[in-house]
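Trainee: I keep running into words like "buried" and "pocket" in structure notes. Can we go through this one and check each word against its rule?

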Amino acid sequence: MTDRITTRVSDLLGVQYPIVQAPMGWIARAQLASAVSNAGGLGIIETSSGELDAVRDEIRKMRDLTDRPFGVNIAQLFVRDPSIVDFVVGQGVRFVTTSAGDPRQYTAQLKSAGLTVFHVVPSLAAGLKAVAAGVDGLVVEGGEGGGFKNPRDVATMVLLPLVCSKVDVPVIAAGGICDGPTMAAAFALGAEGVQMGSRMVSAAESPVHENWKRAILAAAETDTVFLNRFSRPGLRALRTGRSTELERQEHVGFDVFARAMDLYFGGDMEASIALAGQVVGRIDAVMPVADIIAETMRGFHATIARLGGLGEADASHALSARAAQTTTRRD
Ligand SMILES: Cc1cc2nc3c(=O)[nH]c(=O)nc-3n(C[C@H](O)[C@H](O)[C@H](O)COP(=O)(O)O)c2cc1C
């Protein structure tokens, strides 16, 4: 396995590799998150399911399954229990991402309890607001990613360098990242860590039904739909019969998740919607998390080495062009 890579994100998270597994309702639980932490990345436990008793058990399981760091996500849109911060602080985790809400709501309380807080943002304005609220870092999430989205979606390629050029805090890139080249691209654009959602749904340790994993492998890059383009919340999900119908609907309500468990764990792909990003078009194998992370690190280093070599080639081309000019002038 490749050596640790040192960035502000890996230092803050205390991980070998700054690769974060996305929080995902019901999916981001101990089985998946411990595999990520044990492989040198950062597993995150979700709270968006709202099942805090189950979440508490999952965090307990994490302590049996790994001695490495892991985090928790507070998806603010789904918070039903006003004591969520006390709950998270009480679990003894050191790292939290907050998402889908106002960063001013929980940051001060979480930070005064000694936690490191990253807020998920879909725009520059949201990023600046989170920095002003005192967060330690940002998860900058492009609109090609899966899950709940800002209806004014901006792709990672535009959003990431924009935000990174305007803030000083460390940034984790999300949306479209599934391997070493995309991680290297995110670093080229200013990120110091990456978060993978769709890739982790497809992982061997992901608890979702194999029909969902098979649908990811079969999907082309054009096989996601954006729901609620003119309403809220925006959602990106796999293209199915159901989601293709919903795509044309003015507003898709939360009732679309009423039978989510039948899809997530029962494999009925029409029972609800399967949140997923455009990167499904690049995922063609179910792999153990350890292999995903090892392959990502190999690809990351290979990409950087290749680009470094290009730089040298450019330099020698420039030199030979200058030499040619000199020769011409002498002639
Ligand atoms: C099935 C699924 C569920 C998600 N649930 C959450 C969530 O509860 N909280 C959150 O902050 N982000 C959630 N997201 C977004 C991810 O955290 C992540 O940023 C996104 O998947 C990145 O894009 P990618 O799918 O291209 O990797 C979810 C994404 C997926 C695919």
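**Checking the words against the rules**

Mentor: Sure, let's start with helix H2, where the buried residues are Ala30, Leu32, Ala33, Ser34, Ala35, Val36 and Ser37. Keep in mind that this is a predicted model: local features need pLDDT of at least 70, side-chain atom pairs count only at pLDDT 80 or more, and totals for chains, interfaces and linings use all residues. Residues are numbered from 1 along each chain as its sequence is written, and side-chain values use heavy atoms, with hydrogens and water left out.

Trainee: What makes H2 largely enclosed by the rest of the structure?

Mentor: Seven of its nine residues are buried, so the helix counts as largely enclosed. "Buried" means under 20% relative accessible area, "exposed" means over 50%, and "partly exposed" is in between, using a 1.4 Å probe and protein chains only. As for "helix", that's a DSSP run of H or I with at least four residues, while a strand is a run of E with at least two; both are numbered from the N terminus.

Trainee: Okay, let me try the rule. Why is Gly299 called buried?

Mentor: Its relative accessible area is 17%, and the cut-off is under 20%, so Gly299 is buried. You'll find Gly299 in helix H13 (residues 289–330). Gly299 touches Gly180 and Pro181, leaving aside residues up to four places away in sequence; touching, or contact, means heavy atoms within 4.5 Å.

Trainee: And Thr116: why does that one count as buried?

Mentor: Thr116 comes out at 15% relative accessibility, so it passes the test as well. Thr116 sits in strand E5 (residues 116–121). Its contacts, again not counting residues up to four places away in sequence, are Leu12, Arg94, Phe95, Val96 and Asp136.

Trainee: Is Asp86 buried or exposed, and how do you know?

Mentor: Asp86 has a relative accessible area of 52%, and the line for "exposed" is over 50%, so exposed is the word. Asp86 is part of helix H4 (residues 84–90).

Trainee: What is the label for Ala100, and why?

Mentor: At 41%, Ala100 falls between the two cut-offs, so it is partly exposed. Ala100 lies in the loop between strand E4 (95–99) and helix H5 (107–112). There's another thing to spot there: its phi is near 55°, a positive value in a residue other than glycine.

Trainee: Why point out a positive phi?

Mentor: Most residues other than glycine have a negative phi, and most peptide bonds are trans. Asn228 is another one to look at, with a positive phi near 65°. Asn228 is in the loop between E10 and E11, and its relative accessible area of 1% makes it buried. That loop, between strand E10 (224–227) and strand E11 (234–238), also holds Pro233, and a cis peptide bond with omega of about -5° joins Arg232 and Pro233.

Trainee: Back to H2. How do you know how H2 and H3 cross?

Mentor: The crossing is right-handed: the near helix is turned clockwise from the far one, by less than a right angle (anticlockwise would be left-handed). Helix H2 (residues 30–38) and helix H3 (residues 52–65) pack at about 35°, with axes 9 Å apart. Here axes are lines fitted to C-alpha atoms over the stretch in contact, and angles run from 0 to 180 degrees between N-to-C directions. On the H2 side, Ala30, Ala33, Ser34, Ser37 and Asn38 meet Glu58, Lys61, Met62 and Leu65 of H3.

Trainee: What makes a space a cavity rather than a pocket?

Mentor: On a 1 Å grid over the protein atoms alone, a cavity is a set of points where a 1.4 Å probe fits but cannot get out; a pocket is an open set with protein on both sides within 12 Å along at least five of seven lines, and lining residues have an atom within 4 Å of a point. Points are joined across faces, edges and corners, and a volume is the space filled by probe spheres set on them. By this rule there is one cavity of 30 Å³ or more, and the largest cavity holds about 30 Å³. Its lining is Pro122, Glu141, Gly142, Gly143, Lys149, Asn150, Arg152, Asp153 and Val154.

Trainee: And what is the volume of the second largest pocket?

Mentor: About 230 Å³. Among its 14 lining residues, Glu144, Thr156, Gly175, Gly176 and Thr182 are the closest to its centre. Helix H8 gives the largest share of that lining, three residues.
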